Amino acid sequence: MTAGARSATGESARPLWNGRAVALLGILLVAANLRTAVAALSPIFSEIRAEFPVSAVGVGLLGMLPPVCFALFGLLAPLFTRRAALETVLLIALGVMLAGHILRATAGSFAVLAIGSAVTFAGMGVGNVLLPPLVKRYFPDRIGLVTALYATVMSVSTLLPPLVAVPVADTAGWHVSVGMWALVSVLAVIPWLRIVITHRPAHPTGDAGVEEADRSLMARVWRSGLAWAMAVLFAVSSLNAYAMFAWLPQVVHDVAGTPPAEAGALLSVYAGMGIPAGLLVPLLAARMRNVALLVYAGVAFFLAGYAGLILAPAAATWLWVALAGLGPLLFPLTLVLINVRTRTHAGSVALSGFTQGLGYTLGALGPLAVGVLHESTGGWTVPLLVLTATALAAAAAGAVVARPVALEDR
């Protein structure tokens, strides 16, 4: 039997488009929605401030909203799936995202902008959790490939808004620049609405093949060493990524004398490294016997990037940033492991909610912790050393997730 004949879950592979093209399109369109609102505001704060005041504290609040909402609604999402099918909950989440986009686009005050942002991120937090179990439901034979595709789409959707936000705001105003992403939410609704109408997914309490995160699994996941190790991997990736998104331009400016425009380009390089990682890591993880090697690779990239920024920041700044940007390969790795390390839809929902909920909770601390350490020390060496230490925590978790035992069997 060839390596590609069976998936990591033991399912026989069949053509990707065979009877499930609509589901694949729906998964990719949902992925395209999960980061647009996060990256759409910061480039146009000057235009927003021209209409109403936004303080530095307000900017910091908006910066913390994504991981906080992702964490809260990541933990709540499994509860929602106990009352409705995955597809139905996802449709509601997309509707919430759409409402949030509209609120943001029509905001005439900071309060409305913040509320609209929180609503949007709440829908995204549910969508984050539901995508892995949806992949498991519709593509059990192609978990690595489909996870790679949607992780790559998420990376692209992180890069695109900052590139177009300012030109659109200059041409049509910041309201249009922020609100245009509502169209992506509308597009994502269409395939899932068709699936719900034509296939009528069963209510979770209706049969044995359900995707419900039942009470026993939700309790077990809190006692599972696998779940905690997965949460550590996700937290390390999130904490480092959000810290770098918040502070990397300032770091390279201070330690390497990088001009502001080049510092912004370096942030795009950092984000762009998620594209090759998103494409390759899930495919490798679904086939490798020892996924700990991928964890150790991510840790090594973090260590090399941070060491370069500490010891020789001006010598090869672009290289150090690129290496540090490869460290968050732990993100797509964790996404695919949610399905590889579970046997049922219920297990996938429970593990996804726990991993992402706890991981984003810790990730939200990254920008704040780095800022406090920088203020207290007056430099960037200590913050970078602390980030290095968090990366080392992932190495210990790698040995746990490498054991090929499913959550339900532990």
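Q: Is the crossing where α12 passes α15 left-handed or right-handed?
A: In this predicted model, α12 passes α15 in a right-handed crossing. The label means that the near helix is turned clockwise from the far one by less than a right angle. The axes of α12 (residues 260–272) and α15 (residues 317–326) come within 8 Å and cross at roughly 35°.

Q: Which residues make the contact between α12 and α15?
A: From α12 you get Glu262, Ala265, Leu266, Val269 and Tyr270, and from α15 Thr317, Trp318, Val321, Ala322, Ala324 and Gly325.

Q: What makes one residue in the contact of α12 with α15 charged, and how do the others divide by class?
A: Glu counts as charged, so Glu262 is the one. Thr317 and Gly325 go down as polar, since Gly is put with that class. The tally is eight nonpolar, two polar and one charged.

Q: What does Leu267 touch, once its neighbours within four places in sequence are left aside?
A: Leu267 sits in α12 and is in contact with Met244, Phe245, Leu248 and Pro249. They count as contacts because heavy atoms come within 4.5 Å.

Q: How far apart are the C-alpha atoms of Leu267 and Leu159?
A: They are separated by 9.8 Å, though the two residues are 108 apart along the chain.

Q: Why are α1 and α9 called roughly antiparallel?
A: Their axes cross at roughly 150°, and an angle over 145 degrees earns that name. So α1 (residues 21–33) and α9 (residues 182–199) are roughly antiparallel to each other. Their crossing is left-handed.

Q: How do the residues of the contact of α1 with α9 divide by class?
A: On the α1 side, Gly26, Val30 and Asn33 are among those that meet α9; the α9 side includes Ser185, Trp192 and Arg194. Arg counts as charged, so Arg194 fills that class. In total there are 12 nonpolar, three polar and one charged.

Q: What kind of crossing do α18 and α19 make, left-handed or right-handed?
A: A right-handed one. The axes of α18 (residues 365–377) and α19 (residues 381–401) come within 8 Å and cross at roughly 145°. Val370, Leu373, His374 and Thr377 of α18 meet Val382, Pro383, Val386 and Leu387 of α19. By class that's six nonpolar, two polar and no charged residues.

Q: How many cavities of 30 Å³ or more are counted?
A: One cavity. The largest cavity holds about 40 Å³ of space, which clears the 30 Å³ cut-off.

Q: Which helices each supply at least two residues of the lining of the largest cavity?
A: α6 (110–138), α7 (143–172), α16 (330–340) and α17 (345–363) do. The lining includes Asn128, Leu131, Tyr150, Met154, Phe331, Leu335, Gln356 and Tyr360.

Q: What classes do the lining residues fall into?
A: Seven are nonpolar, two polar and one charged. Arg35 is also in the lining, and Arg counts as charged, so Arg35 is that one.

Technical notes:
Residues are numbered from 1 along each chain as its sequence is written. This is a predicted model: local features need pLDDT of at least 70, side-chain atom pairs count only at pLDDT 80 or more; totals for chains, interfaces and linings use all residues. Side-chain values use heavy atoms; hydrogens and water are left out. Axes are lines fitted to C-alpha atoms, for helices over the stretch in contact, and angles run from 0 to 180 degrees between N-to-C directions. Helices (H or I, at least four residues) and strands (E, at least two) are DSSP runs, numbered from the N terminus. Angles under 35 degrees count as roughly parallel, over 145 as roughly antiparallel, 65 to 115 as roughly perpendicular and the rest as oblique. On a 1 Å grid over the protein atoms alone, a cavity is a set of points where a 1.4 Å probe fits but cannot get out, and a pocket is an open set with protein on both sides within 12 Å along at least five of seven lines; lining residues have an atom within 4 Å of a point. Grid points are joined across faces, edges and corners, and a volume is the space filled by probe spheres set on the points.
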